[in-house]
Amino acid sequence: MEKDLNNNLKEYNLIQDLEESRLAVKKRYFQSFIEVFNDTDFFDSQKRIMAFKTFLSKLKDSSLQIKKTTRANHAKMYLFEHAKEHSQAGLNPGTMITGSSNLTLSGLKSRLEINVILRDEYEHGKKLFDELWESAIDIVDENSFPEYEKHLLQKIWYEKKYTPYLFYVRVLAEYFSIHSNQEIQFPYQITEKRFFVLEYQKDAIKRTLKILDEHDGVLISDVVG
């Protein structure tokens, strides 16, 4: 699941001599997410929608923030800051894990990954992270969530309820769409009326020709007769 999502949320490399604006990078991220949500079946299950709701709630309460480094960065580093009472009087402020694992169920459980725990290197890792975080491009946090809603949430189908009129128009478009680019001859015409004129067969032929025009191919699966 995570692999499919990562493949669709594309990584855009920034060329130093012709660097994209920070706003353009943010817009590209939004567009990638919109395409994943609307054009794939990734979110077409209750389980994934519930996960998305958790994702949104964490953005709203600031327990999750998203930034993107100005340069493509494939490295994985996880920093865990120890609570004061567990830091051994400040001698062990945190733990750093670096390696090949993604922080996902498959990355942590079902796949063979190599990781190294570096407790003595936590402060060096924290310094590097802070430097990257400071210069990174803001994607979304609790302050920019209204912008996130405007540019992303309003453009995906999540919690959208279409009006009965729009459903009606769509039904009309599907039902009455006909092939108008050429004259159609039906079986009863090209066989000197040896076949009956059946309206449902005529509709199927028209629909087939329309799909051919749109997609350059069609698979017919209809009743025998």
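Lys-193 sits in the loop between α8, residues 187–190, and α9. In this predicted model, Lys-193 has a positive phi of about 65°, although it is not a glycine. Is Lys-193 buried or exposed? With a relative accessible area of 66%, Lys-193 is exposed.

A second residue invites the same inspection. Gln-88 is likewise not a glycine, and its phi is positive, at about 55°. Gln-88 belongs to the loop between β2 and β3. The relative accessibility of Gln-88 is 54%, and because exposed means over 50%, Gln-88 counts as exposed.

Let me follow the chain from Lys-193 into the helix beyond that loop. Helix α9 covers residues 199–215, 17 residues in all. From its first C-alpha to its last, α9 reaches 24 Å, which is close to the 24 Å expected at 1.5 Å a residue. Which residues of α9 are buried? They are Lys-202, Thr-208 and Lys-210.

I would like to pause at Lys-210, which is found in α9. Its relative accessible area is 19%, and since buried means under 20%, Lys-210 counts as buried. The side chain of Lys-210 is joined to that of Glu-214 by a polar contact of 2.5 Å. An α-helix has 3.6 residues a turn, so residues three or four places apart point the same way. Just after α9, Asp-216 takes a positive phi of about 60°.

With that end of the chain described, I turn to the overall arrangement. The chain holds nine helices and five strands. Read from the N terminus, the elements follow the order α-α-α-β-β-β-α-β-α-β-α-α-α-α. The chain has 225 residues, of which 23% count as buried. Among contacts in the chain with a separation of 6 or more, 58% are between residues 24 or more positions apart.

Now to the sheet. Three strands form an open sheet in the order β2-β3-β4, and the pairing is antiparallel. Which strands stand at the edges? They are β2, residues 77–81, and β4, residues 115–118; each has a single partner strand, so one side of each is left without a neighbour in the sheet. On average, and with direction ignored, neighbouring strands of this sheet are turned by 15° against each other.

The pairing can be described strand by strand. Five bridges join β2 to β3, while four bridges join β3, residues 94–99, to β4. Thr-98 takes part on both sides: Thr-98 in β3 is the bridge partner of Met-77, and Thr-98 also stands opposite Val-116 in β4.

What lies across these strands? Helix α5, residues 122–135, lies across β2, β3 and β4, and runs at about 115° to β2.

One residue beside the sheet deserves a separate word. Ser-101 is placed in the loop between β3 and α4, the latter being residues 105–110. Although Ser-101 is a loop residue, its relative accessible area is 3%, and Ser-101 is buried. Which residues does Ser-101 touch, leaving aside those up to four places away in sequence? The partners are Lys-76, Tyr-78, Gly-107, Glu-113 and Asn-115. With Asn-115 there is also a polar contact of 2.8 Å between the two side chains. Asn-115 lies within the range of β4, residues 115–118, and Tyr-78 within that of β2, residues 77–81.

Finally, the nonpolar core. The largest nonpolar core contains 23 residues, and the members that touch the most other members are Phe-52, Leu-56 and Tyr-148. Four elements give two or more residues to this core: α2, residues 22–39; α3, residues 46–60; β5, residues 137–140; and α6, residues 145–151. Which element gives the most? That is α2, with six residues.

Phe-52 shows what such a position involves. Residues up to four places away in sequence are not counted here; beyond them, Phe-52 touches Phe-33, Phe-37, Phe-43, Leu-153, Ile-156 and Tyr-158. Of these partners, Phe-33 and Phe-37 fall within the residue range of α2.

To close, I return to the three positive phi values. They belong to Gln-88, to Lys-193 and to Asp-216. Gln-88 lies between β2 and β3, Lys-193 between α8 and α9, and Asp-216 just after α9.

Key:
Residues are numbered from 1 along each chain as its sequence is written. This is a predicted model: local features need pLDDT of at least 70, side-chain atom pairs count only at pLDDT 80 or more; totals for chains, interfaces and linings use all residues. Side-chain values use heavy atoms; hydrogens and water are left out. A nonpolar core is a set of buried Ala, Val, Leu, Ile, Met, Phe, Trp, Tyr and Cys residues joined through side-chain atoms within 4.5 Å. Buried means under 20% relative accessible area, exposed over 50%, partly exposed in between (1.4 Å probe, protein chains only). Contact means heavy atoms within 4.5 Å. Two strands pair if DSSP finds at least two bridges between them. Axes are lines fitted to C-alpha atoms, for helices over the stretch in contact, and angles run from 0 to 180 degrees between N-to-C directions. The expected span of a helix is 1.5 Å times one less than its number of residues. A polar contact is a pair of N or O atoms within 3.5 Å; within protein, one must be able to donate a hydrogen and the other to accept it, and residues adjacent in sequence count only if both atoms are side-chain atoms.
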